[in-house]
Amino acid sequence: MKQLSVFLENREGRLEDVLNLLKEENINIISLSLADTSDYGMLRLLVSDPEKGKKALRENGFSATISDIVAVTLPHKVGGLQQVLHTLYHAGINVEYMYALCTTTDEAAIAIKPSDLEKAQKVLEDAGAHFFSEKDMFL
Amino acid sequence: MIWNEAKECMSRDELADLQSKRLVKVVNRVYHNVEYYRKKMQAVGIEPGDIQGIEDLDKLPYTTKDDLRDTYPFGLFAAPQSEIVRIHASSGTTGKATVVGYTRKDIDTWAECVARALTMAGVTRGDTIQVAYGYGLFTGGLGAHYGAEHLGATVVPMSTGNTKKLTTMMIDFGVTAIACTPSYLLHIAETLEANGDIPNIKLKAAICGAEPWTEQMRLQIEDKLHISAHDIYGLSEIMGPGVACDCKYHKGLHVFEDHFLPEIIDPETLKPIGAGQTGELVFTTLTKEGLPLIRYRTKDLTSISYDKCECGRTLARISRFKGRSDDMLIIRGVNVFPSQVEAALLEMGGTTPHYMMIVDRVNNLDTLEVQVEVEERFFSDEIKELENLTKKIAHAIQQAIGLAVKVKLVEPKSIERSMGKAVHVIDKRKLV
């Protein structure tokens, strides 16, 4: 999955500027997470058109980039997420960050930035995980 | 009290005679011992015989920091290595240090000058003095140290960095004098104040220098600590601290003219200008052996007065500094040039990112923040990577300038673009 990442200074109105820009480009936001430090924030977005979003943001002076993440669906039951992390841990894969995804189905979903993307995809696939894809976002 | 009345109070005529004799000697010394100077003088058609006294001073070419840089490290030394007993160095614009060398006699002269300055501040052999300048390549620590020992005071070589230990010893040892940067002394004063320790100290005098400060700050220090605070001036190229100092009348800094011959010039036309007018301060060292400098341009802007002072000294006085004729910053007593920061950033990524240096004074200590725009090549969606980047930049800058620095990543294009000469520094320190 492609994720749109934006560097934001901790200043009033910067987040709104990003959202306004995406609105004007008619880009829908599916899920987001905002990581903050004392000086700046990192906005991570799953959107309907990441490339278009990146282009618009860069043209307007933001540092924006596309990164690959893994997204898997999880049944709404105890231990679902733990099982996924267990798989990654035993494969020696570290989680750089993760956040919950908004879904329109009965299942929950999670976005993960693993230390080794290809390997993570493989071990999760082998473990029978269900990948969340762009298609699922607009169900 | 005057440390060396014979020299500090001699008549202007006698002083001019002494300066002339010494000038002839130093010109001969550099002409015969320093190839760079010999060529420089030959280039303008001057021989040592053309210099008969201080009236011939303006025939000689100027020396600048560039000359020291071009001859790095020892090219301007006028004494062989076997005669050099000490090296000091300060940061330069290109990351290369400005290196200065002292013979044993130079160290003695320096100690004599600092002893004179301490005496101006009322310090005697009956005093205990904390030297809280940094010890090391920086001239402040060892310069003040040797001067205070020469005077016969009891020296406590604190160096910098541990304010709590400093204030504890100040109280326990009954310290009566201190030498440090003015901003550090204000910080010490506030620490003492916060702990209710002002009544417990015996401090009576301070000699502060190595960074610009105002008369208001001096009065504030005097008021807080109930002491007499004095401004000591110096630069490593000429000697280190102890080139000039103000007496108890605080009407300018007395230049130790028997060792350092001052001139004020117009920095544009390079012509000497009269007493009372503001211009660039230029020094010729009259007695230095290791690194004698002829008409060295300090870049410091000031004016000079030759009137006799109420204290009895006949030595000329320079006024408080009005600024500098180049872009050098003095932060915590360390010379910092924006170009050093630029060079450090350049080394990291091939092209120079946009940056801004913000100098401030928080709790009376200078702070430096460098804002760097996050460009595509620096970008990562992982905080860990951005933090590593921040650390890497901070480390590179710290290596270049020798000062701890806070690096803040900012958005692209958020640093104001200048139409003319790029503005890379915002100095928020209130010195007025």
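Leu60(B) touches Leu23(B), Val27(B), Met41(B), Ile46(B), Ile51(B), Ile294(B) and Arg295(B), leaving aside residues up to four places away in sequence. The model is predicted. Leu60(B) is also among the residues with the most contacts inside the largest nonpolar core.

**Nonpolar cores**
- The largest nonpolar core holds 71 residues.
- Alongside Leu60(B), Tyr233(B) and Phe283(B) have the most contacts inside this core.
- Helix α5 (residues 104-120) of chain B gives the most to this core: eight residues.
- Another core, of 32 residues, lies apart from it. Its members include Ala35(A), Leu345(B), Met348(B) and Val374(B).
- In soluble globular proteins, nonpolar side chains tend to be buried together.

**Helix α2 of chain B**
- Does the length of helix α2 (residues 12-33) of chain B fit or miss what its 22 residues should span? At 1.5 Å a residue, the span should be 32 Å, and the end C-alpha atoms are 31 Å apart, so the two agree.
- Buried residues of α2(B) include Leu23(B) and Val27(B). Both touch Leu60(B).
- Polar names also appear among the buried residues of α2(B), including Gln19(B), Ser20(B) and Arg22(B).
- The cover over the buried residues of α2(B) includes α1 (5-8), α3 (35-43), β10 (260-265) and β11 (279-285) of chain B.

**A four-stranded sheet**
- Four strands of chain B form an open, mixed sheet in the order β20-β19-β18-β21.
- β20 (406-410) and β21 (425-427) of chain B are the edge strands, each pairing on one side only.
- On average, neighbouring strands of this sheet are turned by 20° against each other, direction ignored.
- β19 (residues 365-373) of chain B pairs with β20(B) in the parallel sense, over five bridges.
- Glu373(B) stands opposite Val410(B) in β20(B).

Technical notes
Residues numbered from 1 in each chain as written. Chains lettered and ligands numbered in written order. Predicted model: local features only at pLDDT ≥ 70, side-chain atom pairs only at ≥ 80, totals over all residues. Heavy atoms only, no water. Helix = DSSP H or I, 4+ residues; strand = E, 2+ residues; numbered from the N terminus. Expected span 1.5 Å × (residues − 1). Buried < 20%, exposed > 50% of the residue type's maximum accessible area, 1.4 Å probe, protein only. Contact = heavy atoms within 4.5 Å. Pairing = 2+ DSSP bridges. Axes fitted to C-alpha atoms, helices over the stretch in contact; angles between N-to-C directions. Core = buried A, V, L, I, M, F, W, Y, C linked by side-chain atoms within 4.5 Å.
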